[in-house]
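Subject: A structure for you to explore

Hi there,

I am passing on a structure that I have been looking through, and I hope you enjoy it. Please open it first, and then read my notes beside it.

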Amino acid sequence: MATLRHQIATNVLTVTKFRDLLKKVRANRPNDDVELIRKAYDYSLEHHKGQSRASGEPYLAHPLEVAAILAEMKLDPTAIAAALLHDSVEDTSVTTEDIKATFGEQVAVLVEGVTKISKIDFASREERQAENLRKMVLAMVDDIRVVLIKLADRLHNMRTLGALPAERQAQIAKETLEIYAPIAHRLGMGKVRGELEDLAFQHFDAIAYKQIKDAVEARRKRGEQFLEQIEGVIREKLKENGIEAKVESRIKRLYSVYQKLQRQHIAVDQVYDLLAIRIVTGSVKDCYAALGAIHSLWRPVPGRIKDFIAMPRPNLYQSLHTTVISENGTPFEVQIRTADMHKIAEEGIAAHWKYKDGAPVSAKDEQRLAWLRQVVDWQREVADPGEFLSTFKVELYPEEVYTFTPKGKVVILPRDATVIDFAYAVHTEVGNACTGAKVNGRMVPLRTKLRNGDIIEIVTKEGHKPSRDWLGFVRSSRARNKIKHWLNIHQRERAIEIGRKLIDKEARKYRIALKEIKEEDFQKVASEHGLGRPDDLIAGIGYGKFSARHVLGRLVPESMGTPAEEKPASGFTSVIRRVFGQTPEVGALKVKGSDDLLIYRARCCNPIRGEEIAGYVTRGKGVAVHSKFCPNVLNLMYEPDRRIDVEWAAMRKNDDTATYPVKLTLYCDDRAGMLKQVTAVISDDNTNIRTIEARSADSQATIDVTVDTEDVKHLDRIIAGLRRLAGVRDVQRVKRI
């Protein structure tokens, strides 16, 4: 009886949601035939029968909600049908061929584009994530509806994330903040991006979310009263100037506040755009007239006037921004735009897109997708999943610096971009041959960070080549990949040359004629080491990843005796340790498949047990172990032959617990008792404090404290405890000690 009641309730829920979906479709696209949507609903209902979500509701509720989000975006029946079917290949016995036979080519292509790769065993979760993203990106280029379905899918998943275990919530929230919200931003979909960020924020960093929410809510009532008063003043002024406009207000989103606090280390009271007014006018002329009217009422804050109408952002966002100070000293932001600009700011590419009315793709949409086509171009050159994922995340960062060539051409670059980034944006050969630059007529160093409005003239020299040091300060993925490509080719050539000399020298020592060794024997040994070609094996010798004697032992074992797994002599290892002053990470780190390679933690990121790590073969110093999120990993890993798998060794029963010094920086209020509270939190966790130093200025304090931690969980516990203290605005880990 209970089962029957549940089934009836399930049917009522899904039927109600489906009727609501059809209402939205008919309201937004009255001339479209909804028969394809009905057919997709019946098909999905049949194949998802008996399945439930983690929340306990019937599984079909999810595809229906995803379809409803797309209906709100005014997408066509083909996209909505694909949304209803988007999980059928992944979670039921249905195949892409079945979808194609029943619903046609277009629906099948969309469903295939959003279906995760599930039938391949990947070495890691990162590799699976990278390949799924690569698949989605390639599908997006052919049909942008793929990513719109994916974003709607992620949005509904984030709305219902609370039903999952806490660890899974944090993983999905992090992925949303790093990948899906930035994709929505690059496509100009401000409304979707904002909701994704705020939903992810509360699961990714619950403590920071609560602190900021409490701080904003404490100011909300007073802020809303202030904005209501300001709205009235603005309406009167616009009417007086003959400007017809819609005036509305808002309080800044929580994740946006968090980002500003992280970036500038300030208190919520110092966020200038916490309170904002939006003015939507009928024309561009009225936008500038409204800006003048606002500045006649209140004094603008210098440096806070931004004209995104004359110079739109790369995602085609247009608006005028200004920050002004009211009579009582309260700062607030004013955004001014036309109705069309507002629609594009909220909906982005979904506002004017290829399939909406069967019209060809517009020039503006092509411009918005230009970055995506660049991603497709460079992804072909990036075989390593980790490198693809890292570069893709960099590519998603909002581009905010507007610079000019001497002839007035606009070059848009990421924040903190340098002269080298500009040079590569002009042309690859200009970047490779860059020796200097003039910014606004003055010679500057290559690592100079560019600012809005800078005019840059690149100085080149024939025959000049890129430097590996450039990777330490370039910001754009284009510049980074072009430098890596050049270095990879030339460093590899050098490694092969050194490798040949080393193996030739070793062969002479054992009186082995290398010319008599067949190419297929080299290929066989290369394959044993997981390499594709003999040259890869020779390069590995040149890099120091394999010894020439070890390789010869595999090639001609009868001449040397079959070698054991390669292990450097302990005497040699100890000499290197004495020379370089390194302490062996006994019992903590190891190279996979080998127990006696010289290994040490890189000082640039100071990884601790429990963190994801990556190994890099250095010349003469052994294997350096970095955190996977260390900025230097991006710089070093352009040479795949020098990467090596490393792992944290399992702790044995009688081992002493190793500790790792970690430096933390706290940004907090300057008040009596703050230092005492900080030390109490750390001491209460039985954690040793190595050093502590405090500085203060303008009622704000910065505290640097170095503590001994056992692993990542221990560190997270300490940071969480510190962030709960009243007056502590942020706690950051300083990687280098």
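Of the 737 residues in this protein, 49% count as buried. Please keep in mind that the model is predicted. Its secondary structure comes to 29 helices and 21 strands. The accessible surface is about 36,600 Å², and 49% of that belongs to carbon and sulfur atoms. If you take the contacts with a separation of 6 or more, 66% of them are between residues 24 or more positions apart.

Let's begin with the inside. Which residues have the most contacts within the largest nonpolar core? They are L21, I99 and M189, in a core of 110 residues. Helix α12 (residues 206-240) gives this core its largest share, ten residues. A second, separate core has 31 residues, including I608, V646, V707 and I719. M189 is a good residue to click on: beyond its neighbours within four places in sequence, its contacts include M73, L148, L151 and A184, and also the run A345, E346, E347, G348, I349 and A350.

Helix α19 (residues 419-426) is another element to look for on the inside. Six of its eight residues are buried, so this helix is largely enclosed by the rest of the structure. The buried ones are V419, I420, D421, F422, A423 and Y424.

Next, the sheets. One open sheet has four strands in the order β19-β20-β18-β21, paired antiparallel. Why do β19 (689-697) and β21 (728-734) each have one side without a neighbour in the sheet? They stand at the edges, each with a single partner strand, so nothing in the sheet pairs with the other side. On average, neighbouring strands here are turned by 20° against each other, direction ignored.

You can walk across this sheet strand by strand:

- β19 and β20 run antiparallel and are joined by eight bridges. One bridge pair to find is I692 with V705 in β20. These two strands form a hairpin with two residues between them, and D698 in the turn has a positive phi of about 55°.
- β20 (residues 700-709) has nine of its ten residues buried, so this strand is largely enclosed by the rest of the structure.
- β18 and β20 are also antiparallel, with ten bridges between them. Here P661 has D708 in β20 as its bridge partner.
- β18 (residues 660-669) pairs with β21 in the antiparallel sense over six bridges. In this pairing, L664 is matched with R733 of β21.

Another open sheet of four strands has the order β13-β15-β14-β16, but with mixed pairing. Its edges are β13 (599-601) and β16 (643-644), each with a single partner strand, so one side of each is left without a neighbour in the sheet. For a parallel example, look at β13 and β15 (residues 622-627), which pair over three bridges. R601 has V625 in β15 as its bridge partner.

Now for some charged pairs. Side chains of opposite charge can pair when their charged atoms come close. How many salt bridges are there in the model? The count comes to 34. Here are some to find:

- R695 and D704 form a salt bridge with their closest N and O atoms 2.8 Å apart. R695 is partly exposed at 39% relative accessibility, whereas D704 is buried at 10%.
- R193, E197, D198 and R253 are joined into one network by salt bridges that share partners.
- R250 and E333 meet in a salt bridge at 3.7 Å, N to O. This pair links distant parts of the chain, with R250 in strand β1 (residues 245-251) and E333 in strand β6 (residues 331-338), 83 residues apart. R250 is partly exposed at 26%, while E333 is buried at 7%.
- E57 and R53 form a salt bridge with 3.6 Å between the closest N and O atoms.

Finally, two loop residues with a positive phi. K74 has a phi near 70°, although K74 is not a glycine. Look for K74 in the loop between α3 (61-72) and α4 (77-85). L316, also a residue other than glycine, has a phi near 75° and lies in the loop between β4 (306-307) and β5 (320-325). Are these two buried or exposed, or something in between? K74 is partly exposed at 32% relative accessibility, and L316 is buried at 10%.

Happy exploring!

How values were computed
Residues numbered from 1 in each chain as written. Predicted model: local features only at pLDDT ≥ 70, side-chain atom pairs only at ≥ 80, totals over all residues. Heavy atoms only, no water. Pairing = 2+ DSSP bridges. Axes fitted to C-alpha atoms, helices over the stretch in contact; angles between N-to-C directions. Buried < 20%, exposed > 50% of the residue type's maximum accessible area, 1.4 Å probe, protein only. Core = buried A, V, L, I, M, F, W, Y, C linked by side-chain atoms within 4.5 Å. Contact = heavy atoms within 4.5 Å. Areas by Shrake-Rupley, 256 points an atom, 1.4 Å probe, with all protein chains shown as cover. Salt bridge = Lys/Arg side-chain N within 4 Å of Asp/Glu carboxyl O.
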